[in-house]
Amino acid sequence: MKIEKVMIVDDDDDVRAISELAARKIGNWAVVSVASGAEAVALAPMERPDVILLDVMMPPPDGPATLAMLRDDRATATIPVIFMTAMAQPHEIESYLALGACGVICKPFDATALPDEIRRILREE
Amino acid sequence: MSLREVDHELERLRERYREKFERELELLAERLREAERAGYGRPQLEAIRGLAHRLMGTSGSYGLEASSAALARMEEGLERLLDAAEVEVGVAWPEVESDLAAARAGLKE
């Protein structure tokens, strides 16, 4: 699957900054970056990103609630979503995948390897 | 953008974050002092755990691996304090403080 545009959803400015840099400058992708699940749900139908990186722990709606809203909207229902989280015990990863995420990237992550990690997850989907 | 330019840009971001992270560790230290004053109440411990958790993920992503590891230990220590009544604050708290010191030391590496 060819990636042209990525949406990054994280309430932490610093995580957004380094993820954006990796996606733009290493991945060579267009980036839409937002600080909340509500913004993601509002913008994703218009922006139509190829993949959404979604933080799990955010003020409501958190990552899982945001994913549920994205899945409920026909325009965004099939966009692959990758959770980003520091809560990544095996049973937690399983529960995120069961919610419909196509993968999980654990924090901390290596920014320089982030685009390859995204590509790997989407290849395996 | 060349790899060298990407590295330069990453370094600029990391430098900016280190300054912010130092301030965040100060905030964490203040929260620890508040928790001590408040008798290690659950709301205070949960707030500290949440902050340590966030800083662990972000600092590690900015290459501050030693600080991130120390904050992960702090988070685990706080979880033990919150989840297990048999863990004594008098034993666990010095470890939490030591983890904060290690997170600060990690900034100098």
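Me: How many bridges join β1(A) to β3(A)?
Reply: This is a predicted model, in which local features need pLDDT of at least 70, side-chain atom pairs count only at pLDDT 80 or more, and totals for chains, interfaces and linings use all residues. Residues are numbered from 1 along each chain as its sequence is written, while chains are lettered from A and ligands numbered from 1 in the order in which they are written. Helices (H or I, at least four residues) and strands (E, at least two) are DSSP runs numbered from the N terminus, and two strands pair if DSSP finds at least two bridges between them. β1(A) and β3(A) run parallel, V6(A) has V51(A) as its bridge partner in β3(A), and the number of bridges joining these strands is 4.

Me: In what order do the 5 strands of the open sheet in chain A lie?
Reply: The pairing in this open sheet is parallel. Its edge strands, each pairing on one side only, are β2 (30-34) and β5 (103-106) of chain A. The order is β2-β1-β3-β4-β5.

Me: Which residue of β4(A) is the bridge partner of L54(A)?
Reply: Strand β3 (residues 51-55) of chain A runs parallel to strand β4 (residues 81-85) of chain A, and 4 bridges join them. I52(A) has V81(A) as its partner in β4(A). For L54(A), the partner is F83(A).

Me: How many of the 5 residues of β3(A) are buried?
Reply: A residue is buried if 20 or more other C-beta atoms lie within 10 Å of its own, exposed if 12 or fewer, and partly exposed in between, with C-beta atoms placed from the backbone. In a regular strand the side chains alternate between the two faces of the sheet. V51(A), L53(A) and D55(A) point one way from β3(A), I52(A) and L54(A) point the other way, and all are buried. The number of buried residues in β3(A) is 5.

Me: Within what arc do the buried residues of α3(A) fall?
Reply: The buried residues in α3(A) are G63(A), T66(A), L67(A) and L70(A). They pack against β1, α2, β3 and β4 of chain A, where contact requires C-beta atoms, placed from the backbone, within 7 Å. The arc is that of the directions from the helix axis to the C-beta atoms. The buried residues line one face of the helix, because seen down its axis they fall within an arc of 100 degrees.

Me: Where is R48(A), which has a positive phi?
Reply: Most residues other than glycine have a negative phi, and most peptide bonds are trans. R48(A) is not a glycine, yet its phi is about 45 degrees. R48(A) is partly exposed, because 14 other C-beta atoms lie within 10 Å. Its place is the loop between α2 and β3 of chain A.

Me: What is omega for the cis peptide bond that joins P60(A) and P61(A)?
Reply: P61(A) lies in the loop between β3 and α3 (63-72) of chain A. The peptide bond from K107(A) to P108(A) is also cis, with omega near 0 degrees. For the bond joining P60(A) and P61(A), omega is about -5 degrees.

Me: Which element supplies the largest share of the side of chain B that touches chain A?
Reply: The contact takes 16 residues from chain B and 13 residues from chain A. On the chain B side, α1 (3-37) and α2 (42-61) each supply at least two residues. The largest share, 7 residues, comes from α2(B).

Notes
Two residues are in contact if their C-beta atoms, placed from the backbone, lie within 7 Å.
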